Structures are given as C-alpha cells and as structure tokens.
Amino acid sequence: EIAEAAWRCADPGVQYDTTINEWHTCSGTARINASNPCSEYMFLDNTACNLASLNVLKFYDAKARQFDVERYEHAIDVWTIVLEISVLMAAFPSRPIAELSYKYRTLGLGYANLGAMLMQAGIAYDSDEARAICATLSAILTGRSYRMSAQMAKEHGPFPGFKPDRDNMLRVIRNHRHAAHGEARSSQRYESLKIRPVPIDHALIAAGKVPLANVKELAERSKVAWDDALSLGEKYGYRNAQVTVIAPTGTIGLLMDCDTTGIEPDFALVKFK
C-alpha cells in the first residue's frame, strides 16, 4: 500500500533507513534521519547539498552507437571542482547549516536524460542491458568524482570532519569498489552490509549482449574509477563527505533540453509543467 501510494502521487518514494545508514560515509558522527524533500540527498541533519546534473544524451553518438567516456569523465572532473567552489559561494538558510556544510562539504553531481539515451539506442528501459549501462555510467560518475575529491584533498586537505570518520568512509568506498568490480551479492568481501548491492553485470557485458559499441570500455573505466578513488582516498583523504546524487531534475531538466528526468523512463509523449 505504501509503494502504491508513492507511485500514484509521484512522491520520492520509500526510504530504507537501515540501508541508508549502512552506506553513510560519516556514520561515526551521527545517523541519517531524513532526506531533502526530493529525496536524493541524505546526510547529517542541518547540512545542505549544492546540485548539478549532466545530460548524458550529449555524450552519446547515435550513429556510432557509442558513449564518449573521455568527455564524460572530463565533465565529471570539471563539475566536481565547480561544486567544491560553490560550497564557499553558497548562501545557507541558517548558521548551523552553513557551519556543517563547510565542515562536510557535500556535493551533488548527477546526471539526467538516461531514458532518452536508451530510447535512441533502441534499448528497452526495463532490461538487464539498460541496467548494465546505467550501472557503468553511475559507477564512473561517483568513482571519478571521489577521485577528484581526493586530488583536491591532496592540495587543500580533506574536509574538516574526515579524520574521525576515516575508517567509516573508506569502508563505504571499498563497498562501492566491490560492486563496480562485479563482486557477487553472496561475496563476503562486502563490509557491514545486511543487504548487499546489485553489482555491475560484467558477465553480460563481456558476452557482448549490451548493444552499445563501447560498453566494454565503460565497464573497464568503472573499475578504474573506483580503484583510483580508493587508492587516492587512502593516501590523501577526501575533500567532500559526499560527491554525487541522482536528482529528479523535474525543473532543471527542462532548461537542460532533457526529454526524460533523472534516471526515469519517458513519462509521456506530451508533458505539461
């Protein structure tokens, strides 16, 4: 009944409190109690997140049926830096929010228009092939952004709240890396997770069953992104306690020339806002 109600009114949906807190990078500080109203940002009370999204269709070449990984990674690098700068420039609604946002420096880089990209590629949205593509794009997005966050930490130091939560954060990063490498859900390598994540389906990709010309490159870059994110983070820490979210993009998607919002399928052929 809860799921039906969330679907009917297009609310953000159900939050799984235990899972959210198991993936909490600063769980030693305090638990996560709630999200922002759109439900993409979950972190400590009285923190805020500056958002930005990339239009994935802009990186897709329909004629060649290829996704431009190099440009995508470059855009992620640039926008991670832009959002880090925006933490210093943002105006916050209260002093506690400003102080904690400075202390944890949470970012919200995401992407939108996945549904339109899959349609142009002729891939069914609700299919294993589409999920494999979505998983690789998401893994590159977050892994690469944490990689840049670690590089900024090398230059400017990690976020002020990093040191007491170093072990917790690196545990979360390692779990992400296991999923990016395709570690099975039954694997004992996942740490402190009651419900383990669905990993990237590297077997499906290796078998050539995903109709994207360079999907194997995407899969490989997913692994590399998280290898780098972990190794650099162990060495330098991270400038940001969080780096990515998948926002609904219901409004900014219109300005970004998106046909679909967030990671959702097409809502209708004709839409009103």
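These questions and answers go through the pockets, cysteines and one helix of a predicted model.

Trainee: How much space lies in the second largest pocket, and what lines the pocket?

Mentor: Start with the lining of the second largest pocket. The residues are L114, L118, Y125, D126, A130, R131, C134 and I263. The space they line comes to about 190 Å³.

Trainee: Which element gives the largest share of that lining?

Mentor: Two elements give two or more residues to the lining of the second largest pocket: α5 (114-121) and α6 (128-156). The largest share is 3 residues. That share comes from α6.

Trainee: How many residues of each class does the lining of the second largest pocket have?

Mentor: Take the polar class first: the lining of the second largest pocket has none. The charged residues number 2. The nonpolar residues number 6.

Trainee: How many cavities of 30 Å³ or more are there?

Mentor: A cavity is a space where a 1.4 Å probe fits but cannot get out. The space in the largest cavity is about 30 Å³. With 30 Å³ or more as the rule, the count is 1.

Trainee: What lines the largest cavity, by residue and by class?

Mentor: The lining of the largest cavity is A48, C49, N50, V87, F92, S101 and T106. None of these residues is charged. The classes come to 4 nonpolar and 3 polar.

Trainee: How many disulfides are there?

Mentor: A disulfide needs two cysteine sulfur atoms within 2.5 Å. For C38, the nearest cysteine sulfur is that of C49, 12 Å away, and C38 is in no disulfide. C49 is in no disulfide either, with the sulfur of C38 as its nearest at 12 Å. The count of disulfides is 0.

Trainee: Is C49 buried or exposed?

Mentor: Buried means under 20% relative accessible area. The relative accessible area of C49 is 17%, so C49 is buried.
For C38 the value is 42%, so C38 is partly exposed. The answer for C49 is buried.

Trainee: Which residues of helix α4 are buried, and where on the helix do they lie?

Mentor: Helix α4 spans residues 95-104, and I97, S101 and Y104 are buried in it. An α-helix has 3.6 residues a turn, so residues three or four places apart point the same way. Down the axis of α4, the buried residues fall within an arc of 80 degrees. So they line one face of the helix.

Trainee: What helps cover the buried residues of α4?

Mentor: Look at what covers I97, S101 and Y104, the buried residues of α4. The cover includes residues 69-89, which are α3.

Methods:
Residues numbered from 1 in each chain as written. Predicted model: local features only at pLDDT ≥ 70, side-chain atom pairs only at ≥ 80, totals over all residues. Heavy atoms only, no water. 1 Å grid on protein atoms, 1.4 Å probe; cavity = no way out; pocket = protein on both sides within 12 Å on 5 of 7 lines; lining within 4 Å. Points joined across faces, edges and corners; volume = space filled by probe spheres on them. Helix = DSSP H or I, 4+ residues; strand = E, 2+ residues; numbered from the N terminus. Nonpolar A, V, L, I, M, F, W, Y, C, P; charged D, E, K, R; others polar. Buried < 20%, exposed > 50% of the residue type's maximum accessible area, 1.4 Å probe, protein only. Arc of directions from axis to C-beta. Contact = heavy atoms within 4.5 Å.
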